Every structure is written in structure tokens, then in C-alpha cells.
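Student: I'd like to look closely at just one part of this protein instead of the whole thing at once. Could you walk me through it?

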Amino acid sequence: MAPKFEWWAKGNNNNNRKGTPVVVKMENPNNWSMVELESPSHDDFLVRTHEKSRNKNARQLTWVLLLKAHRAAGCLTSLGSALIALGTAVRRRIAAGRTDTEISSSSGLQKQNPAKKSKLFYSCLKVFLWLSLILLGFEIAAYFKGWHFGTSKLQLQFIFNKGFFDWVYTRWVLLRVEYLAPPLQFLANGCIVLFLVQSLDRLILCLGCFWIRFKKIKPVPKPDSISDLESGDNGAFLPMVLVQIPMCNEKEVYQQSIAAVCNLDWPKGKILIQILDDSDDPITQSLIKEEVHKWQNQGARIVYRHRVNREGYKAGNLKSAMNCSYVKDYEFVAIFDADFQPLPDFLKKTIPHFKDNEELGLVQARWSFVNKEENLLTRLQNINLAFHFEVEQQVNSVFLNFFGFNGTAGVWRIKALEDSGGWLERTTVEDMDIAVRAHLHGWKFIFLNDVECQCELPESYEAYRKQQHRWHSGPMQLFRLCLPAVIKSKISIGKKFNLIFLFFLLRKLILPFYSFTLFCIILPMTMFVPEAELPAWVVCYIPATMSFLNILPAPKSFPFIVPYLLFENTMSVTKFNAMVSGLFQLGSAYEWVVTKKSGRSSEGDLAALVEKDEKKTKHQRGVSAPETEAEKKAEKTKKKKKKHNRIYMKELSLAFLLLTAATRSLLSAQGIHFYFLLFQGISFLLVGLDLIGEQVE
């Protein structure tokens with residue numbers, strides 16, 4: 001008996017209409033999209049007799065199949081067109097883009113330091129890629145021959161098959177069983193141990209952050225210092241404060257940063273602003289000078305300093321500024337990078353913590369970002385930095401009384417800087433350097449999670465890549481330099497353990513090492529040497545759990561948890577390369593490239609304030625914008641610049657390596673490994689073709 005379909009017709013009581021067939025009209029036979037579709041009536045679904053039911057059920061099944069066929073055809077057509085569009089975009093990017101090798105050879109820094117720094121690293125990637133392609137060919141041929149045998153059958157297979165390919169493949173299997181698998185498995189087990197230790201550290205940090213929130217622990221200044229500030233008492237704690245803004249060729253952000261610090265709510269006679277300009281572009285120098293002169297005319301205590309050369313980079317710039325004779329009159333120094341825009345009450349929220357706390361050397365504020373939702377790249381960066389501030393900095397501040405100075409949005413006691421030896425130009429992480437030396441001299445730090453200073457995130461992958469290279473090579477330079485001082489210092493053994501093992505080795509060296517080695521090298525190699533295995537919990541479950549913990553401080557970013565996991569593994573190439581260059585003192589470890597800014601305003605009122613000041617100045621001068629010749633030249637230069645994308649060869653090489661390994665894992669039906677390698681390979685491919693973030697000028 002044929003099945004009945006009465007339930008299809010529920011809710012329709014019109015039994016008088018005759019059934020009508022489905023009519024599909026197409027304007028173009030080659031176009032599978034439907035233009036008009038008439039649905040069957042209620043009568044077509046009613047079962048009146050056994051014979052009619054059988055006929056109509058067959059007709060209904062035909063209609064359903066026809067509808068599904070058209071839908072499937074439409075999906076295939078759209079998928080094909082999407083793939084063609086993606087292929088066209090990739091081909092256009094490859095044709096228009098420049099490789100990172102070409103850019104390195106043409107840059108001024110690389111003329112002094114030729115691009116041999118990563119030649120060995122890149123050559124190793126190419127060797128792995130070609131080797132994996134050759135092995136994939138062998139495995140595919142063996143798969144179609146039906147060779148699914150264990151090691152015990154290898155000799156038997158060799159005896160009965162006398163072909164050249166049979167002999168070569170058998171020898172290869174014997175080679176990997178006896179010589180390749182044991183060391184690869186040993187290296188994999190070592191990386192798994194490091195992975196578990198680092199995951200345990202991450203879990204402990206998250207538990208510490210939970211405890212801080214549960215107990216509502218936060219640094220609180222003396223109550224009388226706050227009341228004195230609010231009342232404006234002449235005897236209030238209102239020390240002399242020096243504000244420094246180091247910058248270099250950052251004409252996109254100089255106006256808003258200078259406007260923000262000039263509007264800090266602090267007595268005019270007790271604050272001095274230093275604009276420390278290292279720009280080598282005459283146009284940028286003129287623009288910054290003009291801006292400083294404008295604020296001087298409005299009554300702000302602000303000075304402009306320019307160095308002839310950039311010796312020592314930011315550390316040299318700050319060191320030069322601290323050598324000024326008038327610095328001795330000031331007790332504290334607040335430092336802001338060129339894209340940071342503190343709110344007017346920044347000093348009133350930070351300076352009171354120093355009152356009656358002579359051991360306090362640093363008060364660090366949290367960063368927030370004006371462009372965290374600009375593109376996928378900035379969203380992923382926001383996840384990382386939210387965890388850094390909310391968890392790492394806050395937990396280390398509360399429980400260990402030490403954390404790395406972030407280089408900006410912080411207030412230092414000048415006596416602590418002088419006692420620690422001042423700014424040194426020996427590394428590219430001068431902020432971490434001064435923090436470690438101050439900690440060794442007994443100074444304490446405070447992190448304020450509820451005090452924010454807005455800034456920008458790099459919007460292009462090129463800018464982010466250079467920033468991360470500096471942030472991961474510098475700590476390794478510093479570790480080599482300060483290790484003897486840490487061992488010889490008089491701090492407790494627990495603090496020495498925290499500095500050496502947790503702060504440097506675990507979070508600065510082990511993390512990029514195992515992340516790159518385990519997921520980008522060992523995992524694809526185990527696909528071709530299946531005798532060495534990585535458990536599924538290492539490939540999937542533990543990384544997913546750690547990503548979940550990392551994203552907790554930024555709950556709105558939960559939809560990006562999978563892209564975050566893949567992108568962090570992709571960035572491990574840059575971080576690993578930087579870590580090696582810093583550890584072994586390679587030339588690239590001393591490069592300093594200023595992170596490109598876009599000049600986005602943090603607050604609407606700040607932008608309006610800058611615009612108001614510009615209009616006021618224009619009215620006073622009686623000229624139209626641009627007011628100066630420097631601004632005219634800057635506008636012409638800006639119009640000439642064109643944005644382009646770049647092709648990153650290391651990332652592309654690893655993309656093809658991972659996709660090749662994914663194909664091999666598909667042959668062996670390893671589900672989790674296949675999906676991880678596939679999506680990780682696609683992630684490397686997108687980054688290698690610069691399809692993430694904005695293009696650069």
C-alpha cells in the first residue's frame with residue numbers, strides 16, 4: 001500500500017480547486033534559476049481512492065524531486081561562479097601585488113642588512129613542500145594499488161612484487177618505520193608536553209582573573225587624595241607631571257594626540273608636554289611644528305624637540321628628552337604613543353595612586369581601540385589584546401606585583417626610571433627592559449583595568465606583521481641580556497622563577513616555538529609518516545578549549561572563535577621567525593618599523609574639538625585650508641600614493657604544505673586531522689595572498 005501524504009495538506013480547507021501541475025518557466029535554457037513556480041493545489045494532496053492516491057503520490061514525488069533538482073542546480077551554479085570570482089581575485093592580486101622578498105630587497109633597511117636573514121628558513125619550507133608533494137604522489141599511487149598493509153607484511157610484499165615502484169615504496173615504508181618515526185614521535189611528544197604546560201598556565205591565569213572579579217579586587221588610591229583633587233584644595237596632591245609623546249613620521253595621528261594631551265585636566269603650571277619628533281620627513285616636521293605652535297598660542301605648556309638622527313629609536317628619543325635640564329623639576333612622567341588619546345581625567349585617575357606609596361614606580365592603564373570592528377584582522381587583534389590586559393596584566397599586577405610595561409598609556413615615577421638606569425637602546429622593547437630593571441630594584445607596579453586610553457590597531461596585515469616581529473624578537477634579545485642580572489639580583493627565588501620561566505621562557509619562547517613546530521611542521525609530517533601520531537585531543541579539543549578561554553574577555557567576539565584559532569597558528573610563522581632572530585641576535589632582530597596608522601578619532605567630541613581649533617586658527621590667519629605650504633605638499637603626496645597588496649611567500653609555502661598533508665590525511669580517513677589541515681591551509685593561503693585586512697600604501 002502506498003504511503004499517504006495527508007499531513008502535507010494541513011491547514012488548507014479548500015477542497016473544490018482542481019490540482020494544477022508545477023510549471024517552471026526559464027528565460028534562458030543555460031540559466032538554472034527559476035523565474036515562476038506555481039504550487040500544487042490542495043486537491044493534489046487529498047487521497048480519495050486507492051488508485052488516485054497512488055497516481056498522485058507518484059506525481060507529488062516527481063514535483064519534489066524536480067524542485068530539489070532545481071535548487072541543487074542553482075547552488076552548484078552559484079558555487080561555481082563564486083569560485084571563479086575568487087580565482088579571478090586571486091589572479092588579480094598575484095598580478096598586482098609585490099612579494100615580501102621584492103619589498104625587502106628594495107627597502108632602505110634591507111640595503112643595510114640584505115635579505116639573507118630568512119633565506120635558510122624559507123629554503124627549509126620549500127624543501128618540506130617539495131618533499132611532501134613527492135610523498136603525496138607515492139601515497140596516492142599506493143592507495144590505488146590497494147596497499148593497506150602493516151609493517152609485518154612489508155617483507156612479504158617486497159618478495160611478491162618485483163616492480164621498481166614496489167621496491168621503492170617498500171623501502172620508503174621501512175625507512176620511515178625504523179628511522180623517521182621515532183625521532184618525529186619524540187619531538188611531537190616534547191611539543192605536546194610544552195603545549196600542556198602552556199595551557200595549564202593559561203588556565204591558571206583565567207582562574208586568577210575569575211577570582212579578581214568574584215572578590216572585586218582592584219587598586220584603590222588614598223581617599224583623601226581623590227577628595228583633594230575634587231575640591232581643588234591648594235594643599236592637594238598635585239605634583240609636577242611631564243607628558244611625553246614620542247613620534248616618527250606619523251602625520252596621520254599627530255593632531256588628535258596633541259589635542260588630547262593638551263586638554264588633560266591638570267593645573268597648567270604643573271604640567272609640561274614634550275613632543276619628541278624623530279621624523280625624517282621635512283613635511284611632517286613642519287606640520288607638527290605648526291600644530292605645537294598653535295597650542296602654544298592657546299596657552300598650553302608644550303615644547304617641540306627634534307633629533308637629527310634616530311639613534312636608539314624610541315628608547316634613544318626618550319633618553320634624550322629625559323636629559324633636559326628642566327626635567328629635574330618634575331616628579332612623574334606620563335608617556336603616550338602618537339596614536340594614543342587619553343581622556344581629560346587620565347592624570348586624575350592615575351596620579352593619586354602614588355600618594356603615600358613611595359615603593360610604587362609605575363601605574364599602567366588599559367588600552368581600548370577605536371577601530372576594533374574595522375575588519376576581520378582588527379577583530380582578531382582585539383581578542384588577543386583583551387586577554388592580555390584583562391587577564392595577563394591584571395592577574396600579574398594583583399598577585400605578583402609585576403608585569404611588562406606596555407610602552408605607552410602609563411605614568412612613571414621619574415625617580416624609579418633614574419634608579420633603574422634610565423632608558424637603554426640595547427633592545428627594540430625598551431618598555432619591557434625598563435620594567436624588568438625596575439622590578440629587580442624593588443619597585444612595584446599597578447595595573448588599572450578600569451582606566452582606558454584609546455588607540456588604533458593595525459588595519460593591514462603588513463603593519464601587524466612588522467609589529468609582531470618587533471614584539472617577539474625584542475623579548476629574546478632582552479632575555480639574553482638580563483638573565484645574568486636576574487640570577488644575581490636580591491629578589492626572592494619565586495620572583496626569579498616568575499621572571500625566567502613564566503615571563504620569558506613560557507610566554508615569550510615556548511609559545512611561538514611549539515605553536516609553529518607542532519601545528520605547522522609536525523602535524524603535516526605525521527600524515528606522511530603515520531607511524532608517528534598526534535592524538536585528536538592535541539589537534540582539536542585542547543586548542544578549542546584554549547581559544548574559548550582566550551575569547552572570554554571579549555564575549556562579543558565569540559562568532560570569530562574559529563578564525564581566531566586558525567589565525568593565531570598562522571601568525572606563529574612570524575612569531576617563530578622573530579623569536580629565533582632575537583634569540584640568536586640575527587640582523588632582523590634590531591629592525592624598528594613604525595606601525596602604520598590611519599588617524600581615526602577615538603571620541604566624537606575630540607574630533608569636534610580638533611576641527612573647532614582648526615577653524616579658529618584659519619579664521620585668525622585669514623587663509624583657507626590647507627593653511628601652510630607643508631600641508632599643501634602633504635596633500636599632494638597623499639594623492640600620489642596608491643594602495644596595493646603584497647604576496648607573502650612563507651605563508652603561501654606553508655599553505656601548500658598543509659593542503660598537501662590534508663589530501664594525504666583524506667586518503668587515510670583521519671577526519672579531525674583532515675579538517676584541521678584543510679582549514680589551516682586555507683587560512684595560510686588567505687594570509688599569504690593578503691586577503692585579510694586592508695591594503696597598504
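Student: Let's take helix α22, residues 671-688: how many residues does α22 have, and what distance does it reach from its first C-alpha to its last?

Tutor: Happy to, and keep in mind that this is a predicted model. Helix α22 has 18 residues, and from first C-alpha to last it reaches 25 Å. At 1.5 Å a residue you'd expect 26 Å, so α22 comes out close to the expected value.

Now for the surroundings. The chain α22 belongs to has 22 helices and 11 strands, and 49% of its 697 residues count as buried. Contacts across the chain reach far along the sequence too: among those with a separation of 6 or more, 80% are between residues 24 or more positions apart.

Back to α22 itself. Its buried residues start with His673, Phe674, Phe676 and Leu677, carry on through Gln680, Gly681, Ser683 and Phe684, and finish with Val687 and Gly688. Try spotting the spacing in that list as you turn the model. An α-helix has 3.6 residues a turn, so residues three or four places apart point the same way.

What covers them? The cover includes the helices α15 (461-488), α16, α17 (536-551), α18 (561-583) and α21, along with the strand β11 (646-647). Just past the helix, α22 is followed by aspartate 690, whose phi is positive, near 60°. That's one to notice, since most residues other than glycine have a negative phi.

Let's follow two of the covering helices, α16 and α21. Helix α16 takes in residues 493-528 and α21 residues 649-667; their axes come within 8 Å and cross at roughly 40°. The two are therefore oblique to each other, and α16 passes α21 in a left-handed crossing. On the α16 side, the residues that meet α21 are Phe516, Phe519, Cys520, Pro524, Met525, Met527 and Phe528. Facing them from α21 are Leu654, Leu657, Leu658, Thr660, Ala661, Arg664 and Ser665. Sort the residues of this contact by type and you get 11 nonpolar, two polar and one charged.

Next, α17, another part of the cover over α22. Its 16 residues should span 22 Å at 1.5 Å a residue, and its end C-alpha atoms are 22 Å apart, which agrees. The buried residues of α17 are Val538, Val539, Pro543, Met546, Ser547, Leu549, Asn550 and Ile551. They pack against α22, and also against α16, α18, α6 (164-215) and α12 (376-400).

That brings in one more pair, α6 and α12. Their axes come within 9 Å and cross at roughly 75°, which makes α6 roughly perpendicular to α12. Among the α6 residues in this contact are Arg202, Leu205, Trp211 and Ile212, while α12 brings residues including Phe387, Glu390, Val391 and Phe399. The residues of that contact divide into 10 nonpolar, three polar and four charged.

One last stop, in the loop between α12 and β9 (410-413), where you'll find asparagine 401. Asparagine 401 has a positive phi of about 60° although it is not a glycine. With a relative accessibility of 26%, asparagine 401 counts as partly exposed.

Terms used. Residues numbered from 1 in each chain as written. Predicted model: local features only at pLDDT ≥ 70, side-chain atom pairs only at ≥ 80, totals over all residues. Heavy atoms only, no water. Axes fitted to C-alpha atoms, helices over the stretch in contact; angles between N-to-C directions. Helix = DSSP H or I, 4+ residues; strand = E, 2+ residues; numbered from the N terminus. Parallel < 35°, antiparallel > 145°, perpendicular 65-115°, else oblique. Left-handed = near helix turned anticlockwise from the far one by under 90°. Contact = heavy atoms within 4.5 Å. Nonpolar A, V, L, I, M, F, W, Y, C, P; charged D, E, K, R; others polar. Buried < 20%, exposed > 50% of the residue type's maximum accessible area, 1.4 Å probe, protein only.
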